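Hi,

Here is the structure I promised to pass on. My notes follow below it, so have it open while you read.

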Amino acid sequence: MADRIFITSPALSCALGDHLDTIQHALQHPNISARIREVLVEKQTLPYYAAPDSSLDSETAFLSQLERVVTQTLNSANLNKTERATTGVFVGSTSMDISLREQAFLRHSTKTELPGSDGSNIGNIPAYLARLFCLGHMHISISTACTASSIALIEGMNMIRAGVIERALIVGVEGFNYLTLCGFDSLLLLSTVLKPFDKHREGLILGEAYASLLLEKEPKKANKSLELLGGAVATDTESISGNNTGGEIPARAMAQALHASQISAAEIKAIKAHGTGSVANDLSEAQAISQVFGPTLPPITAFKPYVGHTLGASGVTELILLSLALEAGFIPKTFGFQTKDPALKVTPTTHAAPCEPGAVLLNAFGFGGSCCSYVVSNLK
Amino acid sequence: MMTIYIQFSNFFVCEKSTDLTALKNELPATVRKSLRKSSRFSLIAAQPLANNLSQLYRDEMSGLYFASERGPLANTEACLQDFKQGTWQLMPFSFLNVGINSACFDIAQLVNINGKSLALSDADQSFATALKIACNDLRSKTVSSALVGTVDEHLDQSVIFTAPSHIHEHSHPNDGAAWVNLTLNPDAALAKLDGIYHFPTLQQAETWLRQQTYDENCFFTLPHSLKVESLAVPDGLTEYRHPAAKTCFTTAQGVKLAAFVKEISNGHLFHITKGAQGTMTIIKISALLSTSQ
């Protein structure tokens, strides 16, 4: 029998705010227009969901936001020195520390490194956090694009269950950088409004997020609101920038996640969709959902219209948003959705719906064909 | 505990000056076509596999574990240099190729893996960590076989990225890649993975090493970040050196391990890696038969 793994001590800074109470309130009373900034790139402006203290404005914001959310998580968990030493660090991100390097290079023509780093490498952030907070011997950066922090969550769970670590700090981080914004622009994936699963969806808007939580077998605090049951990863080799619109491989990831969680599709009370708002990816995800769940679907919600597509950080960010909504007793409406697409067998939530205790499936899909699904149980 | 076997092992190294065309020309024509938009980093990663696809054990539940310490830094540097010069319009593949997940995708497509795939980094321990995760997934039956690889390229004279302190001015490491194919099947295996051991400190790793018994065929490898004189090596343990292991970063370790498995017919390897904050991991491998791929 596998160890039970609980999700505890969340901390988040994103376009909805940097305090959980504020974010929960914003989910209940959404007001999209206030949170999107306009970023000038050459002669065009591109919309962007920025965090309150954004790396868009300040060179120090990236590190201060990262450190702030991790501090909140560790303080909330009240871990002693020995417990910290047996905590692994798993960071999921698309751009890692490019935000810092890009600013140093473009503004000052200089190099920069995270304090204490010996050279530039993509594993800098977890090692930096481990040094700063005296954390344990496993420090992994996951670089699977938009599934990165979702896979970090699954690997953290696997390593706890394998007995390698006692608990896992899971961090999703995505600071503003021009490289990513211009890259997505080059792929013609950006839009001015995010409408997951809508007939008139045109693409996505990027966002910034710093998200952190702990996975624990035996949380000290009585708060055990969510349990991570299991997850799975599959690879769609159809195209580097999108899944096959037939949805076969995403469906496989969902089915395997249910199997790993020892739960049936009928027991799923809600789905947190990846829901990027791009034409092909929403089609692929909708096809996959209908393959796994058949004609009777649970409520399906998508969070990207609230916080933007926070890429590698989206897994942990959207899990925390989900946990806040479940804690308040509702499944949020899918903001931005207006018109049903007859090509999709999926209609997301059009209003906030009450939630029952039970299991929720979460999806994340990314460039490089990465498909990740996992199941959490809402214990309240 | 289920025993894990290494069925395939190969590595590739090249000079920094080896260009994209030369790397493409090393590939079979069919592979060259599918990797036509790939970066130099991806092409290096593909080299040890492209001519050996029939030797790889894989099915629909196979997993891919792709490690790199530094990733394709040259691709990132090129994009940021364009910005600096006022060119903000990126070409799609210039952007897509800045991540290691792009190279991971190229390999998944090359070897046709639709199961789990994972691109990761853990500094000097990246390859060891990828092996560790793959072994865990094999034992938990998450995957039926695992292809574990590592690739790194050195970036000279970067204005954005800093080389690690062990790369000195007069040191010109090669670029390279190494791959091993793990299964639970002992048939025709090249080597057996005896265990992966973790130690909070170097001293505890040394104590463990002293407690092992050695014959004349016992070897060890060290990462660049650990000098041989800083480790109390027990009698009977010899450093395994390989001319190809001039490769940079974590991939040097991967190359040594892959070379040992490929070329040594009788012996044991203690593959020693050092993580952040001085933690240590030792992977013990036993060669099983005399073969050359």
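Ser141(A) has Ser121(B) as its bridge partner in strand E3 of chain B. That is one spot in a pairing that crosses between the chains: E5(A) and E3(B) run antiparallel and are joined by 2 bridges. (Strands pair here if DSSP finds at least two bridges between them; strands are DSSP E runs of at least two residues, helices are H or I runs of at least four, and both are numbered from the N terminus.) E3(B) also pairs with strand E2 (residues 63-67) of chain B, in the parallel sense over 4 bridges, and there Ala67(B) is matched with Leu120(B).

Before you go further, note that this is a predicted model, in which local features need pLDDT of at least 70 and side-chain atom pairs count only at pLDDT 80 or more, while totals for chains, interfaces and linings use all residues. Residues are numbered from 1 along each chain as its sequence is written, chains are lettered from A and ligands numbered from 1 in the order in which they are written, and side-chain values use heavy atoms, with hydrogens and water left out.

Back to E3(B), residues 117-121: 5 of the 5 residues are buried, so the strand is largely enclosed by the rest of the structure. (Buried means under 20% relative accessible area, exposed over 50%, partly exposed in between, with a 1.4 Å probe and protein chains only.) Ser117(B), Ala119(B) and Ser121(B) point one way, Leu118(B) and Leu120(B) the other.

On the wider interface, 58 residues of chain B and 60 of chain A take part in the contact (heavy atoms within 4.5 Å). About 4,900 Å² is buried between the two chains, with carbon and sulfur atoms giving 63%; buried area is the accessible area, 1.4 Å probe, that two parts lose on being put together, summed over both. Trp88(B), Phe95(B) and Phe105(B) supply 14% of what chain B buries against chain A, more than any other three residues.

Chain A itself splits into domain 1 (5-216) and domain 2 (226-378), with bounds from an automatic or database domain assignment. Their contact takes 61 residues from domain 1 and 65 from domain 2. The area buried between them is about 5,000 Å², 71% of it from carbon and sulfur atoms, and their centres, taken over C-alpha atoms, are 20 Å apart.

Also in chain A, have a look at helix H5 (residues 124-133). Since 8 of its 10 residues are buried, H5(A) is largely enclosed by the rest of the structure. The buried ones include Tyr128(A), Leu129(A) and Phe133(A), and among the elements covering them are helix H2 (61-77), helix H4 (98-108) and strand E6 (167-174) of chain A. Right after H5(A) comes Cys134(A), with a positive phi near 55°.

Which residues have the most contacts inside the largest nonpolar core? They are Leu215(A), Val376(A), Val148(B), Leu182(B) and Ile285(B), in a core of 90 residues. (A nonpolar core is a set of buried Ala, Val, Leu, Ile, Met, Phe, Trp, Tyr and Cys residues joined through side-chain atoms within 4.5 Å.) A second, separate core has 34 residues, including Cys146(A) and Phe95(B).

Lastly, a sheet in chain A: 3 strands form an open, mixed sheet in the order E2-E3-E7. E2 (36-41) and E7 (206-207) are at the edges with a single partner strand each, so one side of each has no neighbour in the sheet.

Cheers
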